[in-house]
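Q: Please take one part of the model shown below and go through it closely, together with the parts around it. I work at the bench, so please give the cut-off behind each term as you use it.

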Amino acid sequence: MSRKGFRIELNSAGVQQLLNDGGLSAVCASNAQRIASKAGEGFRVSRQWQAGYGGGRTAVSVRTVTPGAREAEAVNKTLTLAVQSCRA
């Protein structure tokens, strides 16, 4: 199938509404918690914050909080593997 002539136009207001939706924030937080649990001891979900240009999008991260967790990530890529295993 040819892509010639195929064009997608995004509704910017609609996309922004999805990115700012409270339900999406809850999904992000839940996924971050699942990743931290999968990574194991020494990994913790950080606070949620507004990210992106001008803010507005929810962001959550999982961080190392112990020297052992930092070493596990550096040597075995523990957090990286936890993120990859939770994608679906």
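A: The answer below begins with the whole chain, then turns to one helix and its surroundings.

This is a predicted model, in which local features need pLDDT of at least 70 and side-chain atom pairs count only at pLDDT 80 or more, whereas totals for chains, interfaces and linings use all residues. Residues are numbered from 1 along each chain as its sequence is written, and side-chain values use heavy atoms, with hydrogens and water left out.

The secondary structure comes to four helices and four strands, where helices (H or I, at least four residues) and strands (E, at least two) are DSSP runs numbered from the N terminus. Along the sequence they follow the pattern α-α-β-β-β-β-α-α. The radius of gyration is 17 Å, well over the 12 Å that the globule rule gives for 88 residues, so the protein is more spread out than a compact globule; this radius is taken over C-alpha atoms, and the rule is 2.2 Å times the number of residues to the power 0.38. Along its principal axes the C-alpha trace spans about 55 × 35 × 20 Å. Buried residues make up 19% of the 88 residues, with buried meaning under 20% relative accessible area, exposed over 50%, and partly exposed in between (1.4 Å probe, protein chains only).

The part chosen for the close look is helix H2, which takes in residues 22-39, 18 residues in total. From its first C-alpha to its last, H2 reaches 26 Å, close to the 26 Å expected at 1.5 Å a residue; the expected span is 1.5 Å times one less than the number of residues. The buried residues of H2 are Ser25, Ala32, Ile35, Ala36 and Ala39. Seen down the axis of H2, these buried residues fall within an arc of 100°, so they line one face of the helix, the arc being that of the directions from the helix axis to the C-beta atoms. An α-helix has 3.6 residues a turn, so residues three or four places apart point the same way. On the other side of H2, Ser37 and Lys38 are exposed. Just after H2, Gly40 takes a positive phi of about 105°.

What does the buried side of H2 pack against? Its buried residues pack against strands S1 (43-45), S3 (57-59) and S4 (62-64), and also against helix H4 (78-85), where contact means heavy atoms within 4.5 Å.

On the side of strand S3, the pair to look at is Ser25 and Thr58. Ser25 belongs to H2 and is buried, with a relative accessible area of 13%, while Thr58 is found in S3 and, at 17% relative accessibility, also counts as buried. Their side chains are joined by a polar contact of 2.6 Å, a term for a pair of N or O atoms within 3.5 Å; within protein, one atom must be able to donate a hydrogen and the other to accept it, and residues adjacent in sequence count only if both atoms are side-chain atoms. Leaving aside neighbours within four places in sequence, Ser25 is in contact with Gln48 and Thr58. With residues up to four places away likewise left out, Thr58 touches Leu19, Ser25, Gln48, Trp49 and Gln50.

On the side of helix H4, Leu81 is found in that helix and, at 47% relative accessibility, counts as partly exposed. The C-alpha atoms of Leu81 and Ile35 are separated by 9.2 Å, although the two residues lie 46 residues apart along the chain.

Helix H3 (residues 67-76) also belongs in this picture, since what covers its buried residues includes S1, S4 and H4. Those buried residues are Ala69, Ala72 and Glu73. Seen down the axis of H3, they fall within an arc of 95°, so they line one face of the helix. The face turned away from that buried side carries the exposed residues Pro67, Glu71, Ala74 and Val75. Between H3 and H4, the loop contains Lys77, whose phi is near 55°, a positive value in a residue other than glycine. At 43% relative accessibility, Lys77 counts as partly exposed.
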